[in-house]
Amino acid sequence: MIIVCKNTASQKKIDALIEDLKAQGLETHCSTGALSTIIGLVGDTSRVDLEALEALDIAEKVQRVSEPYKLVNRKFHSDDTVVEAGGAKIGGGYFGVIAGPCSIESEDQIVSCAKAVKAAGANFLRGGAFKPRTSPYAFRGLKEKGLELLLLAKKETGLPIVTELMSLDHLDLFNDVDVIQIGARNMQNFEMLAEIGKCNKPILLKRGLANTIEEWLMSAEYIMSGGNENVILCERGIRTFETATRNTFDVSAAPLLHELTHLPVVMDPSHATGKSSLIKPLAKSAVAAGADGLMIEVHPTPEKALCDGAQSITPAAFADVMSDVKMLCHIEHKII
């Protein structure tokens, strides 16, 4: 349930209403926009007297929310959420570009890549230290050493870093990480989602391999229900019957999510297609569709990459992609 307060409502009366609702055992979430204040109610609202709330002199509108996700719902929070990390912003008109190698392999590789993507216009550095791989025999990352190298690249360039958390056992190692990524395979690891909901770091939540939009938003709800409101959604392609690409890039996710939620949406054409030749056109389509950012895999020598070389592009190719992305962002009135 949401209560939209009149723009003439005093803060004293709003606070009194919130206290009354809390006394009824309800959790309240207040969102103050340019024109009104929205009070979102979470809990058993079946016993709430709708007519009594509508009769309040400060109430503009009272509405029950039918969707199972509440906190991520745009009805609860009409303004776009802007997530900030290390001075870079995503959402609310700010366009973020997260770039770097799939996995961290060496100091020279990650530092040189960080410098190249920054020069091309990226404002976040990605790199995998702990890698979830289908085969137990594949390269599974440098783990703690990889995090050390990623932090070194951050020191060298000033770029905030994004890397994947695979287990809560590793959470203490992520103290200096700017954005924690929850990968597709952990999108419905509800114990993990509940736990990271207690931390104060931005969370980049990737869509599951074959999950619906609603299931994805419910996972975001898990994080936000723990108190962490800094969530970024990342579309990385879903599994369909098509085999020509690694996954199917759901470009419709960006505009649809903007209707349903206030959270920023990032698109990952690298994992979606598995083909470096498709990165540029799909990155452009993501901007045109209204995405708030991109995640792109960049490797100095993709042909020698220990992980996902086929979907990685060179720094030179990334600079070419960014040239078009910047022009499109200007057309779409995005700040990059």
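A nonpolar core is a set of buried Ala, Val, Leu, Ile, Met, Phe, Trp, Tyr and Cys residues joined through side-chain atoms within 4.5 Å. I kept in mind that this is a predicted model.

**Entry: cores.** I looked up the largest nonpolar core and found 70 residues in it. I then asked which of its residues touch the most other members. They are L205 and F318. I listed the contacts of F318, leaving out residues up to four places away in sequence: V97, A99, V117, A120, A122, I296, V298 and I313. Apart from the largest core lies another one, of 16 residues, including I14, L17, V48 and I58.

**Entry: cysteines.** I searched the whole structure for disulfides and found zero. Why is C102 not bonded to C307? The sulfur of C307 is the closest cysteine sulfur to that of C102, but at 3.0 Å it is too far for a bond, because a disulfide needs the two sulfur atoms within 2.5 Å. For C329 the closest cysteine sulfur is in C234, 16 Å away, which is also too far for a bond. I noted that C102 counts as buried, at 1% relative accessibility. C329 counts as buried too, at 0%.

**Entry: helix α9.** I took residues 279-288 and looked up which of them are buried: I279, A283, A286 and V287. Seen down the axis of α9, these buried residues fall within an arc of 100°, so they line one face of the helix. I checked what covers them and noted β13 (265-267), α8 (269-273), β14 (293-297) and α10 (315-331) among the elements. Just after α9 I found G290, with a positive phi of about 100°.

Terms used:
Residues numbered from 1 in each chain as written. Predicted model: local features only at pLDDT ≥ 70, side-chain atom pairs only at ≥ 80, totals over all residues. Heavy atoms only, no water. Buried < 20%, exposed > 50% of the residue type's maximum accessible area, 1.4 Å probe, protein only. Contact = heavy atoms within 4.5 Å. Helix = DSSP H or I, 4+ residues; strand = E, 2+ residues; numbered from the N terminus. Arc of directions from axis to C-beta.
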